[in-house]
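Let's take a walk through the charged side chains of a protein and see who pairs up with whom. Have the structure open and follow along.

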Amino acid sequence: MNGRVAGRGRRIVLWRHGQTAWNVERRFQGTTDIELTEAGVEQARRAARLLAALGPDAIIASDLKRAVDTAAELAALTGLDVTHDEGLRETYAGVWQGLTHEEIIERYGEEYAAWKRGEPVRRGGGELETEVADRAAPIVERNADKLPDGGILVVVSHGGTIRTTIGRLIGLEPRSWEALGGLTNCCWSVLGEGARGWRLLEHNAGTLPQPVLGDDV
């Protein structure tokens, strides 16, 4: 034994896009292609400066504008190319898309309540959360596998997709995915590679991720 912890020490930074007008209005966006607001662009620029300091090795992103434009800010600072993949899009939610939070509860209250209880629900006739994880998590894993030892992959995606991807990669049961709180616009979560696979190091972070110094390492 050489004393090294099993695993290659890779990290995955899952970064939510900046603010959009529909975020402000609390409208369910899903796969609707909504652009960043001016505030969203500023959020992306600020976060990109912090993430660039990590020295990422690769950037992948959803092909929806709000993720594309967020990723572009980091690409401009790092010189990295961005690989866009529709598999990283937000959950398709059918008739829920474009409705406000209040309208969804008013029109589809039972469906909403069942989803919040952790039941498998096709919100608005769209995708199950497990189906989102089925398409997004393998993309993240494939790109993480390409990293050098100690490398960092930045994934620019959407709140729901990031939540389900984290849940899948760290081995949580789908009913427990709701326990992962939502991500603020342009905040991120960090997965690190440990001896037993991926584990959550930071969640909904908005400052430069720092190493954990302590007994539970």
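Before we start, one bit of vocabulary: a residue is called buried when its relative accessible area is under 20%, exposed when that area is over 50%, and partly exposed in between. Keep in mind too that this is a predicted model.

So how many salt bridges are there? The count comes to 17. Let's visit a few.

Start with Asp149 and Arg8, whose side chains meet in a salt bridge at 3.0 Å, N to O. Asp149 sits in the loop between helix 6 (129–145) and strand 4 (152–157), while Arg8 belongs to the segment before strand 1 (11–16), so this pair ties together parts that are 141 residues apart in sequence. Is Asp149 buried or exposed? With 51% relative accessibility, Asp149 counts as exposed. Its partner Arg8 has 29%, so Arg8 counts as partly exposed.

Next, find Glu178 and Lys116, which form a salt bridge at 3.0 Å, N to O. Here again distant parts of the chain are linked: Glu178 lies in the loop between helix 7 (159–169) and strand 5 (188–194), Lys116 is in helix 5 (residues 109–116), and the two are 62 residues apart. Glu178 is partly exposed at 31%, and Lys116 is partly exposed at 36%.

Now look for Glu127 and Arg135, joined by a salt bridge of 2.8 Å, N to O. Glu127 has 17% relative accessibility, so Glu127 counts as buried, whereas Arg135, at 21%, is partly exposed.

Last stop: Arg10, Asp145 and Glu193, which are connected in a network of salt bridges.

Definitions and conventions. Residues are numbered from 1 along each chain as its sequence is written. This is a predicted model: local features need pLDDT of at least 70, side-chain atom pairs count only at pLDDT 80 or more; totals for chains, interfaces and linings use all residues. Side-chain values use heavy atoms; hydrogens and water are left out. A salt bridge is a side-chain nitrogen of Lys or Arg within 4 Å of a carboxyl oxygen of Asp or Glu. Helices (H or I, at least four residues) and strands (E, at least two) are DSSP runs, numbered from the N terminus. Buried means under 20% relative accessible area, exposed over 50%, partly exposed in between (1.4 Å probe, protein chains only).
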